[in-house]
Amino acid sequence: MAETPVQIRRLGPADLDLMRKLNALFAEVFEDSDSYSAEPPGDAYLESLLGKEHIAVIVALAGGDVVAGLVAYELEKFEKARREYYIYDLAVKAEQRRRRIATGLIEHLCGIARHRGAWVVFVQADHGDDPAIALYEKLGTREDVLHFDIDPRRFLSKT
């Protein structure tokens with residue numbers, strides 16, 4: 001049986017249905033429905049985000065279904081006049097893995113990043129997520145860093 005061809009493209013403000021499907025995919029793959037499904041944003045909010053040049057939402061479609069996607073943010077730097085992109089979310093449906101779809105999503109993002117003058121695309125991987133780590137090691141240079149989440153509500157100063 002032949003695999004369904006995959007189309008990779010960036011979403012825009014008119015792609016609300018696909019964005020909602022991507023959030024559902026993230027909820028499923030990351031097993032985190034609270035974050036991705038519990039309080040879905042309204043149409044105006046999603047349209048606004050999808051219309052921003054510095055936010056890249058890229059999906060892989062197979063037969064009209066969202067089978068993978070990524071969300072990346074452009075960061076403008078102060079130390080030099082340059083940009084970098086941070087891949088915040090990247091997920092591929094389990095049955096679609098090992099088809100180079102994640103690599104295709106990253107390649108598409110790299111085209112956007114080059115066009116926008118970015119010097120690097122970076123991504124984090126969780127310890128124990130061996131498939132993600134293996135993919136990223138094939139595509140880039142590994143840096144061992146620590147990640148910290150700081151709750152802004154912890155500090156109640158008047159800034």
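The backbone oxygen of E53 lies 3.1 Å from a polar atom of the R10 side chain, and the R10 side chain also reaches the backbone oxygen of I55, at 2.8 Å. Both are polar contacts, meaning pairs of N or O atoms within 3.5 Å; within protein, one atom must be able to donate a hydrogen and the other to accept it, and residues adjacent in sequence count only if both atoms are side-chain atoms. The model is a predicted one, in which local features need pLDDT of at least 70 and side-chain atom pairs count only at pLDDT 80 or more, while totals for chains, interfaces and linings use all residues. Residues are numbered from 1 along each chain as its sequence is written, and side-chain values use heavy atoms, with hydrogens and water left out.

R10 belongs to strand β1; helices (H or I, at least four residues) and strands (E, at least two) are DSSP runs, numbered from the N terminus. With a relative accessibility of 24%, R10 is partly exposed, on a scale where buried means under 20% relative accessible area, exposed over 50% and partly exposed in between (1.4 Å probe, protein chains only). Contact means heavy atoms within 4.5 Å. Not counting residues up to four places away in sequence, R10 touches D15, K52, E53, I55, A56, V57, I58, H108 and I112. The C-alpha atoms of R10 and D34, in contrast, are separated by 25 Å, with the two positions 24 residues apart along the chain counted as their spacing.

A second place to look is V67, in strand β3. V67 is buried, at 4% relative accessibility. Leaving aside neighbours within four places in sequence, V67 is in contact with L25, A60, A62, A91, V92, K93, Q96 and I101. One of these partners, Q96, lies in the loop between β4 (83–92) and α4 (101–115). Q96 is buried too, with a relative accessible area of 14%, and its side chain makes a polar contact with the side chain of R99 at 2.4 Å. Beyond its neighbours within four places in sequence, Q96 is in contact with V67 and I101.

Helix α4 comes next. At 1.5 Å a residue, its 15 residues should span 21 Å, and its end C-alpha atoms are 21 Å apart, which agrees; the expected span is 1.5 Å times one less than the number of residues. The buried residues of α4 are I101, A102, T103, G104, L105, I106, L109, I112 and A113. What covers them includes β1 (6–10), β2 (55–62), β3, β4, β5 (118–123) and α5 (130–139). Just after the helix, G117 takes a positive phi of about 85°.

In soluble globular proteins, nonpolar side chains tend to be buried together. A nonpolar core is a set of buried Ala, Val, Leu, Ile, Met, Phe, Trp, Tyr and Cys residues joined through side-chain atoms within 4.5 Å. The largest such core here has 23 residues, and those with the most contacts inside it are L70, Y85, I87, L90, L105, I106 and L109. At least two residues of this core come from each of β2, β3, β4, α4 and α5, and α4 gives the most, with 7 residues. Apart from this core lies another, of 18 residues, among them L16, M19, L25 and V71.

Aromatic side chains complete the picture. Rings of Phe, Tyr and Trp (its six-membered ring) pair if their centres lie within 6.5 Å; planes under 30 degrees apart count as stacked, over 60 as edge-to-face and the rest as tilted. By this rule there are 6 aromatic pairs. The rings of F30 and Y36 have centres 5.8 Å apart and planes at 50°, so this pair is tilted. F30 is partly exposed, at 31% relative accessible area, whereas Y36 is buried, at 19%. The rings of Y73 and Y88 have centres 6.0 Å apart and planes at 80°, so they meet edge-to-face. Because Y73 lies in strand β3 (residues 65–76) and Y88 in strand β4, this pair ties together parts that are 15 residues apart in sequence. Y73 is partly exposed, at 30% relative accessibility, as is Y88, at 48%. Y73, Y86, Y88 and F122 form one aromatic cluster. Finally, the charged end of R82 sits over the ring of W119, 3.8 Å from its centre; this label requires NZ of Lys or CZ of Arg within 6 Å of the ring centre and within 35 degrees of the ring normal.
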